[in-house]
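Subject: The two-chain structure for you to look at

Hi,

Here is the structure I promised to pass on. Have a look at it first, and then read my notes below with the viewer open.

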Amino acid sequence: MLLLKLRELLGVVLLAFSLEVFCQEERLISGPGSTLTENKCKICHELQHIRRAPLSRGEWADNLRNMKERGTPMSDAEMAVILDYLSTYYNRDKPAPAPSADTLAAGGDDPVQKLLHANGCAGCHAVSQRVVGPSFGEVAQKYAGDALAAEKLATKIRDGGQGNWGQVPMPPNPGLSEADLRRLVGWVLSQK
Amino acid sequence: MHESRRKFLAGAAAAGALTALRDVKAQAAPEATVSNEAIKQGKLPSMQWHSERPLTGSVPAHEHDFDVTPSDRMFVRNNLLTPVIDIYAHRLSVKGLVDKELSFSVFDLPKMFTTLTLQGMLECAGSGRSAFRPPASGTPWLETGGMGCPKWGGVRLADVLRAAGVKPNAAHVAGQGGDPGMVPSAAPVIRSIPMRKAMEENTLIAWAMNGEPLPWVHGYPLRLVVPGWVGSASTKWLHTLTVLDAPFKGTYMNNSYIVPRSPVAPGEKMPPETVSAEAWPVKSMITSPAPNARFKDGGSITVRGRAWVGEGEVAKVEISTDEGQTWQPARLSRDGDKYAWRSFTHEFKPERPGYVTLLARAWDSRGNAQPAVPYWNPLGYFWNGWHRVGVVVEA
């Protein structure tokens, strides 16, 4: 019995550790456009591809056109922001400036939109259409009529998961405050 | 090998593979894709994973010291996700510029066409990319990663195309596989190869690797095997062959797997004039000793390796132990299937203790040698520089 508990504990510790590593790796230098760039690029691949090989502006432009043709869901306006960001912070011809706040992070003053973008939710989820993960509408419908919906969804957002909507894992968000988590849960469940 | 014996062995391997396919079916997971963890279980623990999304991995040169690459050492490279496909429901369609469109089940193929097994090289176009300076964009393959030479069991693509009747204006054949993307908008991975390569007797529609059903990640249940050419030509999870009057137009033909028509300065962007990446140039690697292996002074060192070329023959392999100032011929085995790698050995007796660098350089039958450093290109394809392994001779 004790052995079993120890084993479970070890499992949780290992999981937390590997998630920590996962989260640390999945960041770019903070700067105007970094959040949007992270959200779009990591839909399909890890960010190490960007960090490992800085390119010239011309190559980044080619690269982004290629990714768009491969199916990255991004508008021309978003592509322009990402091109500016990448050719500033990952340019083989000039050193990157010091990290600064991502002043272009989407969301404006809406607290929910801010949370969705600051935590990378918007990279994989949209309100009404499926991107990588389910749409917020689909999630709301799944929990419709479930008395424990708020509890279950809060756990899902905080701890992450895999398998309900496919094999692409949803990363955990352990840093969310209780208040922010409640705010997100309430908003998602209202998107039916 | 004698033709009748070869045929018999091919048939036996194919039959064994089809029996084993039923066992794999029983283990199939219900989800639409195979998890990275499940794929990794089929691979060596020493395999180095270069990225998780999409999954790419390979073993270093000293783990390749085999005449036939074992399946657990074969490199993994996906553009998208690995699909779970029901072999019983799976169909292969042949359409486009043909006299009659055809559709086969996996089990129709060995009944209708001559089955064969042949050993053939597959190597990712970006294999070796991490050696380019400045770094080129893409999967950071090791200098000697991203390739392998297993045995493939299947039928000739040419036989299947002949059965459909190829029209005179046919120029290319496009292969399409069933790998799904992360987003619904993901472009399908479609690559086409010219008719002359499609009709070559070594180009296969394969269902077996090393006498067993293709592992999920290597294209189960059917794939193309276009040996000697960049790996992306060998469409995995193959479901449609389309005969075209020109190369297929799509992002995996026009934006990827291209090199400048004329060399560009390192760091320059892709010029407008490009050519499609097809056959690999001559290449070799030292598979033994391993880097930093230690030897006693006074003994001799056996250098062993593999050499290959995408079109033509490997003519010779040379070893240098003085940083390329002088080269000695290695003993090269010349037997084997046309697109299989060749093994080479060389005995070397160090004159004094210390650190020794072993270099390998192969030549093809057209007089091309591996360069010390190949032409830089924006997507980092076709690295075939001299392979370098340093060892220590102890006093």
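**Where to be careful**

Let's start with a warning: over residues 15-31 of chain B the pLDDT stays under 50, and the model has 21 contacts beyond four places in sequence for that stretch. Residues 1-13 of chain B also stay under 50, with 11 contacts beyond four places in sequence. This is a predicted model, so please keep those two stretches in mind while you browse. Otherwise, chain B averages a pLDDT of 92, and 92% of its residues score at least 70. For the model as a whole, the scores are ipTM 0.83 and pTM 0.81.

**Chain A**

What is chain A built from, helices or strands? It has nine helices and zero strands, so to speak a plain run of α-α-α-α-α-α-α-α-α from the N terminus on. Of the 192 residues of chain A, 27% count as buried. Take the contacts in chain A between residues at least 6 apart in sequence: 62% of them join residues at least 24 apart.

The domain assignment splits chain A into domain 1 (2-89) and domain 2 (111-189). Where these two touch, domain 1 of chain A puts in 10 residues and domain 2 of chain A puts in nine. On the domain 1 side, helix 1 (2-25) and helix 2 (34-41) of chain A each supply at least two residues. Helix 2 of chain A gives the largest share of that side, with four residues. Sorted by class, the domain 1 side has five nonpolar, two polar and three charged residues.

Now zoom in on helix 6 of chain A, which covers residues 111-118. Which of its residues are buried? They are L115(A), L116(A) and H117(A). Among the elements that cover the buried residues of helix 6 of chain A are helix 2 and helix 9 (178-189) of chain A. Just after helix 6 of chain A, look for G120(A), which takes a positive phi of about 80 degrees.

**Where the chains meet**

Next, turn the model until you can see both chains. Their contact takes 25 residues from chain A and 26 residues from chain B. On the chain A side, helix 3 (48-52) and helix 4 (57-70) of chain A each supply at least two residues. Which helix of chain A gives the most to that side? Helix 4 of chain A does, with seven residues. By class, the chain A side has eight nonpolar, nine polar and eight charged residues.

**Chain B**

Chain B is also assigned two domains, domain 1 (3-276) and domain 2 (283-394). Taken over C-alpha atoms, the centres of these domains of chain B are 27 Å apart. Their contact takes 33 residues from domain 1 of chain B and 29 residues from domain 2 of chain B. On the domain 1 side, the elements that give two or more residues are strand 6 (115-119) and strand 16 (258-260) of chain B. The residues of that side divide into 15 nonpolar, 13 polar and five charged.

There is a nice sheet to trace in chain B. Five strands form an open sheet in the order 19-26-25-21-22, with mixed pairing. Why is one side of strand 19 (294-296) and of strand 22 (328-329) of chain B left without a neighbour in the sheet? Both stand at the edges, and each has a single partner strand, so one side of each has no neighbour there. Also in this chain, strand 25 (residues 354-364) and strand 26 (residues 387-394) of chain B pair in the antiparallel sense over seven bridges. If you want one pair to click on, L358(B) has V389(B) in strand 26 of chain B as its bridge partner.

**The nonpolar cores**

One bit of background: in soluble globular proteins, nonpolar side chains tend to be buried together. The largest nonpolar core here has 98 residues. The residues with the most contacts inside that core are M121(B), I205(B), A206(B), V230(B), V314(B), V317(B) and A360(B). Strand 12 (residues 204-209) of chain B gives the largest share of this core, six residues.

What does V317(B) touch, leaving aside its neighbours within four places in sequence? It is in contact with S284(B), A307(B), A330(B), L332(B), F344(B), A360(B) and A362(B). A second, separate core has 11 residues, including L115(A), C121(A), V139(A) and I157(A). You have met L115(A) already, as one of the buried residues in helix 6 of chain A.

That's the tour. Have fun with it!

Cheers

Methods: Residues numbered from 1 in each chain as written. Chains lettered and ligands numbered in written order. Domains from an automatic or database assignment. Contact = placed C-beta atoms within 7 Å. Nonpolar A, V, L, I, M, F, W, Y, C, P; charged D, E, K, R; others polar. Pairing = 2+ DSSP bridges. Buried ≥ 20, exposed ≤ 12 C-beta atoms within 10 Å, placed from the backbone. pLDDT = per-residue confidence, 0-100. Core = buried A, V, L, I, M, F, W, Y, C linked by C-beta atoms within 7 Å.
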